[in-house]
Amino acid sequence: MNLPKRLLILDTETTGLDPAADELCEVGAVLFSVPHRAVLQQLSFLLPVTANDAVSVNGIDPQLTQVSQPQQQAHDLFLAMLAAADAVVCHNATFDRSWLEPWLQSLGVEPPSQWICTCEGISWEGLRPNPSLMSLALAHGIPVWAAHRALTDCTYLAQVLERDPLLEQHLAEGLQPRQRVAADLPYSRREEARAVGFRWVAEAKQWQRRCSAEQIAALPFPVIPLEPAA
């Protein structure tokens, strides 16, 4: 496997949780050199919205997004940073990807093919599966002073990668194909699923997680595949 040399660390802020009904309102990005363990470039920009139901979470006033800014130049730089990267890294890639890909397609840009999720896709030593970004940062000795603005979260993740002694190994793990599976367990054993990173999906009434083949083989219980590996 050819490991990426440059990563685009990405985070998005949105006006809600539903990509079909809500809007993307901020993008943060950090171009990161793996061989140098260092940040090359960083950028964040707002996208104009008229309402933000998530303002209590991300603190982005819709009126702020309407203030004049060099938006086209920011978009151009972001697309250049994206083109320079070998893979995109997010701390919840499924969420960020569901917002970024449609936005890129609206610009006529082909979305990236290689995504690494530092939440679901990497087994961090000493942490439970699917750690929060705050937990991951604190475990690497990084003070957490703010949250939920896109560039701030990218900065935390960049500092984690700078300090990760197993970075190449973790990137290789993060690039393995994954599939969503459900825990094949009775309700009475639900804590076993929770302990290894499965999350309760109420509408499906299942404990689900995206796993690689190696992760599935290491689970202490059987699973039901819900989708092909990708």
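Here are three short exercises on the salt bridges of this predicted model.

Residues are numbered from 1 along each chain as its sequence is written. Local features need pLDDT of at least 70 and side-chain atom pairs count only at pLDDT 80 or more, while totals for chains, interfaces and linings use all residues; side-chain values use heavy atoms, leaving out hydrogens and water.

**Exercise 1.** Work out which parts of the chain the Arg37–Glu168 salt bridge ties together.

*Solution.* Start with the term: a salt bridge has a side-chain nitrogen of Lys or Arg within 4 Å of a carboxyl oxygen of Asp or Glu. For Arg37 and Glu168, the closest N and O atoms are 2.9 Å apart. Next, place the two residues: Arg37 sits in the loop between β2 (24-33) and β3 (38-46), and Glu168 in helix α7 (residues 167-174), so the pair ties together parts 131 residues apart in sequence. Helices (H or I, at least four residues) and strands (E, at least two) are DSSP runs, numbered from the N terminus.

**Exercise 2.** Find how Glu101 and Arg97 are spaced in helix α4.

*Solution.* Their side chains form a salt bridge at 2.7 Å, N to O. Both lie in helix α4 (residues 93-106), four residues apart, which is about one helical turn.

**Exercise 3.** Is Arg210 buried or exposed?

*Solution.* Take the cut-offs: buried is under 20% relative accessible area, exposed over 50%, partly exposed in between (1.4 Å probe, protein chains only). Arg210 has 19%, so Arg210 is buried. Its salt-bridge partner Glu227 (2.7 Å, N to O) is partly exposed at 27%. Finally, both belong to a salt-bridge network with Glu120 and Arg199.
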